[in-house]
Every structure is written in structure tokens, then in C-alpha cells.
Amino acid sequence: MKFNIIATESQKANAYALFFVKKSVQFSTILSENGKKQVESVLNGMKDGPFEDLEFLEIDGKPTFFVDAAKERGLSALDHLRMAAYRLAGRAMKKQVPSVSIFLADAADEQFKAILHGLSYADYKFDAYKSKQEKNFQVTYEIVAGEHVKDFKKIAEDVAVEQKAVTLARNLINTCASDLYPAEFVQNAKTIAKYTPGLSIKVRDMKQLEKEGFMGHVTVGKGSSHEPYMITLSYDGTKGAKRTSKDHLVFVGKGLTFDTGGLCLKPPKSMPEMISDMSGAATVLAAIQAIATLKLPIHVSAVCCLAENAIGNKSVLPGDIFKAKNGKTVMVDNTDAEGRLVLSDGLAEAGEIGATHIVDLATLTGAMVRALGYAIAGFFSNDDDLGLKVINCGEACCEKFWSMPLEEEYADALKDKFADLKNTGTDAGAISAALFLQEFVPENTAWAHCDIAGTAFVSKKWKYTEYGATGFGVQTLIELAREIATPIDEA
Ligand code: BES
Ligand code: ZN
Ligand code: ZN
């Protein structure tokens with residue numbers, strides 16, 4: 001896919017794309033009076049959408065796509081523009097149209113960005129394991145941006161960086177667990193750090209983790225033939241920048257390259273999807289890569305908590321007790337509640353490197369999937385301001401987050417008879433997991449925990465993603481860095 005963004009209209013493209021909402025065409029400045037009449041009569045003849053069958057007509061002597069941008073149930077205005085652009089790109093590829101002119105006369109920056117994202121999503125395909133790889137048909141989009149779009153070159157560059165990050169996360173998540181084990185994830189992260197100026201990386205292997213008391217990783221990872229690792233990536237964009245905030249934003253990602261459940265084995269039906277149990281780690285890696293590439297004026301780090309929850313003769317036994325990095329002792333009541341154990345180390349590491357804000361992402365609980373499904377991620381926060389930022393930044397990039405309570409009343413259920421804590425709690429599974437994590441949040445630190453168990457990986461087509469990883473969260477984290485990077489008085 002290629003974008004050519006041009007300021008003035010041209011007749012060169014092979015086809016037109018007209019976006020319309022509720023039967024009125026929004027972007028038809030290039031059409032002749034006669035062409036407009038033709039469009040009107042086509043639209044008047046339509047029943048209520050969707051209008052897939054009227055996709056490709058001759059208007060003013062040019063093949064023309066009618067792109068239905070009318071509101072779809074549950075989607076925001078920006079998201080239905082993304083959807084419309086995604087559908088257009090799918091049809092243009094199928095019809096093998098080399099170039100399409102898109103008219104954006106009425107669109108401002110936000111809409112323009114949404115359309116570019118929608119077009120880009122259509123280009124994603126994960127066929128690494130197919131015996132034959134077929135390239136997508138390459139369509140060039142000639143985009144006629146009107147006067148409302150202020151800085152289209154910058155927006156197009158930003159979208160390219162963001163989409164590259166989304167693709168990186170999706171590819172890592174979709175890769176089989178036998179090909180992407182912790183050490184292999186580390187190799188990927190090292191390569192990314194090497195080719196991203198300003199991005200540093202620190203890697204701890206099992207020996208180092210044990211030496212420093214990061215026992216959550218060791219407890220979960222020791223049963224596997226693939227040893228656990230912790231990665232800390234850092235980028236400081238405040239050096240040399242004029243007026244930036246003093247904040248240090250730290251992302252923490254759950255990185256279970258596979259989760260069998262351990263000795264508390266999962267049922268076979270729900271197991272294959274556990275290749276996505278490292279979505280949090282992939283998301284934070286992709287986000288920091290994009291933030292560094294965009295040179296945002298902020299200090300950001302990303303901690304990836306990598307392990308494989310497997311069965312072996314060294315696997316943690318139910319009832320075992322270990323001492324976490326912050327000194328609290330934990331009884332492993334259920335070996336399948338492993339994410340919170342590695343995250344206890346991630347949160348400790350965030351504290352050690354001086355986080356002022358921590359945002360963790362984790363495919364943490366099945367309970368979250370049952371509560372909010374695949375379209376909404378739940379988040380828990382000890383800081384209203386950070387929580388609001390997560391919601392607003394999510395909304396700006398069409399990712400939905402719903403605020404969940406850190407209900408103190410349920411905290412008692414985490415207490416163990418022998419140890420300070422156990423890793424299971426009440427039937428409110430997502431809340432119990434969040435309350436467990438809260439025990440490891442460094443003092444005086446704003447923290448938000450996002451449970452992306454439902455949104456990270458979909459079992460059927462959803463919006464602009466097919467079966468598999470969605471890349472959910474990458475854009476919100478980038479947006480959050482943009483938001484926190486902006487000093488209050490300049491916001
Ligand atoms: N990785 C799972 C959670 C999950 C479930 C992610 C479905 C994506 C889709 C997690 O490690 C887990 O197994 N959690 C248990 C915790 C329970 C044993 C307390 C769960 O939610 O059932
Ligand atoms: Zn588990
Ligand atoms: Zn898990």
C-alpha cells in the first residue's frame with residue numbers, strides 16, 4: 001500500500017472513492033454537476049445499508065467506489081471512518097485497482113488519521129505458516145486532503161510508525177509458542193533496540209533474576225525447558241528538549257509465551273489461544289519502539305516479563321511458597337494464576353528504575369473476558385487522573401477501556417494461612433487479580449492495570465482484524481506517551 005497525498009485534485013487515478021454518510025456524499029468536490037446528479041440518483045435508489053453491492057459504478061466516466069461511512073452499531077464516529085476505509089481498501093485490492101483517489105474535502109486531522117489507519121489495517125496478513133505466501137495487491141491511494149487537514153505529511157508519517165508497531169505486536173503474538181519462547185522474544189527485542197536510535201535494553205536471565213530476588217519469574221518459569229527472562233527497555237526523549245514533564249512512564253507487559261496452566265492444567269479447548277498470553281509484553285515492546293521512533297519528548301521504559309508456564313519435573317507445585325521482590329511471601333494456590341506472579345517482579349522493576357506512572361498490560365483473567373468480552377478492555381487504577389487519560393487516549397485511537405473497581409472488601413480473600421498472600425481470591429476474578437497486583441505497586445506511584453484478555457486476540461473477524469492478534473493497546477500507549485509528554489500549560 002502506498003499513500004500519495006496531494007493538495008490539489010487530479011484526474012490521474014484509476015478510480016474514485018466517495019465516502020458517504022446516510023445517503024449524502026461528503027467528499028465529492030471533484031465531480032461535475034452531472035456526476036453529482038448521477039451519485040444522487042444512485043443513493044436515492046438505495047435501500048438502507050450496508051451497500052456492498054453498489055460498490056463500483058461508472059460516475060463521470062470513472063469507476064467509483066461508494067464507501068458507506070454511516071454509523072455502525074457501537075462504533076464511534078472515528079471508528080466507522082476507519083471501518084469504511086478498511087472496507088474500501090479490501091474492495092480495491094480484490095478488484096485489483098492500481099490507484100484510487102480519495103476525496104477528503106471535509107475531513108480534519110482526526111478523520112484523516114482514521115482513514116489512513118483503516119486503509120493500513122487492510123494490508124495486514126499473517127501467512128508465515130502457509131505453504132504459499134501471496135502478496136497483497138498493491139493499491140496506491142491518491143488522497144486529496146482539503147484545507148481542514150493541517151499537517152497531512154506529519155499525520156501520514158505518524159500513522160506509518162504506529163501501524164508498523166501494531167504489525168510488530170500482531171506478528172509476535174500470532175507466532176507459535178514453540179517458535180517464540182522467552183529467549184527468542186529477547187532476540188527480537190535486542191534487534192529492535194539495535195535499530196531504534198535512543199532505545200536501550202537490559203536483559204536478565206534466570207540466574208540473574210534469582211540472584212536479585214525476582215522470584216515471581218523464577219517460580220513460574222523454572223518448570224519449562226525454556227528459561228524465563230526479564231527485559232527492560234528505556235528511551236529518554238527529554239534530554240535536550242526544552243520544556244518537558246519530569247515524569248517517567250513505565251509500561252509493564254505480561255509475557256507468557258505459552259500458558260498451559262502448569263500443573264493446574266488448562267482444558268484443551270482453551271489452550272491453543274494461549275500463544276497470545278505474551279500480548280502485554282509484545283504491546284509494550286511495540287509501543288516503546290514507536291515512541292522512540294517518533295522522538296516524543298518523554299522518558300519511557302517498558303518491562304517485559306517473559307516466561308513459559310509449562311509442566312516439568314521442576315514445575316512449581318500448588319501450595320509452594322516464595323518470597324517476592326518486595327519481601328511479601330506468596331503461596332501458589334493455583335499454578336494457572338501465573339501472570340500476576342511475573343508481574344509482581346515487573347512492578348518491582350518499574351519502582352527500581354524510578355517510575356512516576358506505571359501502566360501494565362496483561363491477558364490476565366478469563367473473568368475479564370466474561371465480563372467485557374472481546375471489544376472492551378477493563379482497567380483498574382489507583383489514580384483518577386491516569387485512569388481518565390487511559391480512557392481518553394483509548395477513545396482517540398478507537399480502543400475501548402472500561403473502569404473497574406479495586407474493591408477493598410475483596411482484598412481479605414487474598415490472605416493466606418501460612419504466607420502473606422495467595423494468588424487466588426474471590427469469584428470476581430479480574431478484581432482479585434488487580435488487588436493482588438496492587439500489593440506490589442511501588443509507593444506513591446500512579447498505576448493503571450489493563451486486563452486485555454478479551455481484546456488482545458479474537459477468535460473471529462472483529463472490526464478491521466481477522467482471526468488472531470488485534471494489536472489492541474499499542475496505539476493507546478503511544479497516545480498516552482504523547483499526552484503525558486505535553487506539559488499541562490501547553491496542552
Ligand atoms: N492467561 C490466562 C487468562 C486468559 C484467559 C487470557 C482467557 C486470555 C483468554 C491466565 O493466566 C489464567 O489462566 N487465569 C486464570 C486465573 C485463575 C486460575 C485464578 C483464570 O482467569 O481462569
Ligand atoms: Zn494461567
Ligand atoms: Zn496466563
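Let's start with the zinc ion called ligand 2. Its site is irregular, with angles of 71 to 167° among its six donor atoms. Keep in mind that this is a predicted model.

Which protein atoms hold this ion? The protein donors of ligand 2 are Asp259 (OD), Asp336 (O), Asp336 (OD) and Glu338 (OE). They lie 2.0 to 2.2 Å from the zinc ion. Note that Asp336 appears there with both an O and an OD atom. Along the sequence, the donor residues follow the spacing D-x76-D-x1-E.

Now the other zinc ion, ligand 3. How far apart are the zinc ions, ligand 2 and ligand 3? They are 3.2 Å apart. Aspartate 259 bridges them, coordinating both.

Who else coordinates ligand 3? Lys254 through NZ, Asp277 through OD and Glu338 through OE, alongside Asp259 through OD. Those distances run from 2.0 to 2.4 Å. The donor residues of this ion are spaced K-x4-D-x17-D-x60-E.

And the geometry? The site of ligand 3 has six donor atoms, with angles of 76 to 171°, and is octahedral. For reference, ideal angles for six octahedral donors are 90 or 180 degrees.

Are lysine 254 and aspartate 259 buried or exposed? Both are buried.

Next, ligand 1. There are 16 residues around ligand 1. The nearest are Asp259, Lys266, Asp277, Asp336 and Gly366. You have heard some of those names already. Asp259 and Asp277 are donors to ligand 3, and Asp336 is a donor to ligand 2.

Let's take the contacts one at a time. The side chain of aspartate 277 has an N or O atom 2.9 Å from a nitrogen of ligand 1. For aspartate 336, a side-chain N or O atom sits 2.8 Å from an oxygen of ligand 1. Leucine 364 uses its backbone instead: an N or O atom there is 3.4 Å from a nitrogen of ligand 1.

Last topic, the empty space. A probe the size of a water molecule, rolled over the atoms, shows where such space is left. How many cavities of 30 Å³ or more does the structure hold? Four. The largest has a volume of about 100 Å³.

What lines that largest cavity? Among the lining residues are Arg82, Tyr121, Cys397, Cys398 and Glu399. Further along the chain come others, including Trp462, Lys463, Tyr464 and Phe472. By class, the lining has six nonpolar, three polar and three charged residues.

Note on methods:
Residues numbered from 1 in each chain as written. Chains lettered and ligands numbered in written order. Predicted model: local features only at pLDDT ≥ 70, side-chain atom pairs only at ≥ 80, totals over all residues. Heavy atoms only, no water. 1 Å grid on protein atoms, 1.4 Å probe; cavity = no way out; pocket = protein on both sides within 12 Å on 5 of 7 lines; lining within 4 Å. Points joined across faces, edges and corners; volume = space filled by probe spheres on them. Nonpolar A, V, L, I, M, F, W, Y, C, P; charged D, E, K, R; others polar. Donors = N, O, S within 2.8 Å, 3.2 Å for Na, K, Ca; no water. Tetrahedral: all angles 85-135°; square planar, octahedral: opposite > 155°, others 65-115°. Buried < 20%, exposed > 50% of the residue type's maximum accessible area, 1.4 Å probe, protein only. Near = heavy atom within 4 Å. Polar contact = N/O pair within 3.5 Å; in protein donor to acceptor, adjacent residues only side chain to side chain.
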